[in-house]
Amino acid sequence: MKHEKKVYNSIIDLIGDTPIVKLNNISKNLKGNFYAKVEAINPGHSSKDRIAKYIIENAEEQGILKPGATIIETTSGNTGFSLAMISIIKGYKCILSVSDKSSPDKFDMLKSMGAKVYVCPSNVAADDPRSYYEVAKRLQKETPNSIYINQYFNQLNIDAHYHNTGKEIWEQTNGKVTHIVVCSGTGGTISGIGKYLKEKNPNIRVLGVDAFGSVLKKYHETKILDPNEIYSNKIEGLGKNLIPTATDFDIIDKYVKVTDKESAITAREISKTEGLFVGYTSGAAFQAVKQYAALGEFNEDSNVVVVFPDHGSRYMSKIYSDEWMQEQGFLDAENSDDSMKIEII
């Protein structure tokens, strides 16, 4: 019988149903079985396609989004790209306030998708009028027929991953998943996946990844937002200087913090050992796996799913640039990565 190939109405129909791939090499010295949920397979190359589609379609159903409307959002880049992509298909305008720690690659991608981009300083308090949170709020007030997605404080961020990503992971592993490791920024991904999986099996461990310079880990442990924890870091989309309501801390069993340097080096390691060209937060996620393994979190029977949120192409001027790595002190000039050098004949 001839296999019929499906024709999709638009790239929006390609969002979700991303594959899980076994990690065979980078995990060979760790106890357990390790699998990557490869979100770069989404058409917008990140897990943020899921929430962009879910929130926009919900707003349409509720009559909140009108024809010709403007969608406004705060983003480190990936959510913005997904919103801009879907806005093109659905005929909306898109305005984004973006953190200045996002890579130049992301700025260029956002502009190429027709979005208007405001670059905001990352080293200011969340309530500072220059912060990307406050700039987005101001732009929404000033722009007629607009909505502010507000992913950090939007329950739909959690719902998108509960109804889609969590369900996919359960079904793809035939219910055999024992641990899920997810980077925590807005918290929607870890909270939605964790909620779904815990309802299926309360013994599944939901393990968070936080950044140094972020308040999430300490808040999870103490319910105290400690401003002394806050300082600038390099990893985009990981950690926070405020407490997002899109994070359900009761769902999360534990956090570890990862460094900028180790996360960048691990991202490169994934690319060279598994052939998966991953982004900065994917490196952070697997760096956390290494740290959880060192803490005795896994055994030979563990089936660990790690969410790899986005694609390495968004970090060519950062973690995949020897020059940038050297500038950050992550790579010595004399010990630069020979496998990434180009020889001109």
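**Exercise 1. The enclosed space**

Sort the lining of the largest cavity by class, then say which residues and elements supply it.

*Solution.* Start with the classes: the lining of the largest cavity has 8 nonpolar, 16 polar and 5 charged residues. Here Ala, Val, Leu, Ile, Met, Phe, Trp, Tyr, Cys and Pro count as nonpolar, Asp, Glu, Lys and Arg as charged, and the others, Gly among them, as polar. Before going on, note that this is a predicted model, in which local features need pLDDT of at least 70 and side-chain atom pairs count only at pLDDT 80 or more, while totals for chains, interfaces and linings use all residues. Residues are numbered from 1 along each chain as its sequence is written, and side-chain values use heavy atoms, with hydrogens and water left out.

Next, the search itself. Rolling a probe the size of a water molecule over the atoms shows where empty space is left. On a 1 Å grid over the protein atoms alone, a cavity is a set of points where a 1.4 Å probe fits but cannot get out; a pocket is an open set with protein on both sides within 12 Å along at least five of seven lines; and lining residues have an atom within 4 Å of a point. Grid points are joined across faces, edges and corners, and a volume is the space filled by probe spheres set on the points.

With a threshold of 30 Å³ or more, the structure holds 1 cavity. The volume of the largest cavity is about 330 Å³. Its lining has 29 residues, and S47, K48, G185, G237 and P309 are the closest to its centre. At least two lining residues come from each of α2, β7 and α6, with α6 giving the largest share, 3 residues. Helices (H or I, at least four residues) and strands (E, at least two) are DSSP runs, numbered from the N terminus.

**Exercise 2. The open space**

Describe the largest pocket by volume and lining.

*Solution.* First the volume: the largest pocket holds about 410 Å³ of space. Then the lining: of its 24 residues, K101, S122, V124, K240 and N241 are the closest to the centre. By class, the lining divides into 10 nonpolar, 12 polar and 2 charged residues.

**Exercise 3. Two helices**

Check the length of α1 against its expected span, and find what its buried residues pack against.

*Solution.* Helix α1 covers residues 48–61, which is 14 residues. The expected span of a helix is 1.5 Å times one less than its number of residues. For α1 that should be 20 Å, and the end C-alpha atoms are 20 Å apart, which agrees. Buried means under 20% relative accessible area, exposed over 50%, partly exposed in between (1.4 Å probe, protein chains only). In α1 the buried residues are K48, D49, R50, I51, A52, I55, I56 and A59. They pack against β2 (33–38), β3 (70–75), α2 (78–90), β6 (146–148) and α5 (155–172). Just after α1, G63 has a positive phi of about 75°.

Why is α6 said to be largely enclosed by the rest of the structure?

*Solution.* Of its 13 residues, 10 are buried, so α6 is largely enclosed. These are G188, T189, I190, S191, G192, I193, G194, Y196, L197 and K198. Their cover includes α5, β7 (179–183), β8 (205–211) and β10 (303–308).

**Exercise 4. One residue in β10**

Is N303 buried or exposed, and which residues does it contact?

*Solution.* N303 lies in strand β10. Its relative accessibility is 18%, so N303 counts as buried. Leaving aside neighbours within four places in sequence, N303 is in contact (heavy atoms within 4.5 Å) with N33, Y35, K176, V177, T178 and H179.

**Exercise 5. Cysteines**

How many disulfides does the structure hold?

*Solution.* A disulfide is a pair of cysteine sulfur atoms within 2.5 Å. The structure holds 0 disulfides. For C94, the nearest cysteine sulfur is that of C120, 14 Å away. C94 counts as buried because its relative accessibility is 7%. C120 is also buried, with a relative accessible area of 4%.

**Exercise 6. Positive phi**

Where do D17 and K223 lie?

*Solution.* D17 lies in the segment before β1 (20–22). D17 has a positive phi of about 55° although it is not a glycine, and at 66% relative accessibility it counts as exposed. K223 lies in the loop between α7 (216–222) and β9 (254–258). Also not a glycine, K223 has a positive phi of about 60°, and with a relative accessible area of 47% K223 is partly exposed.
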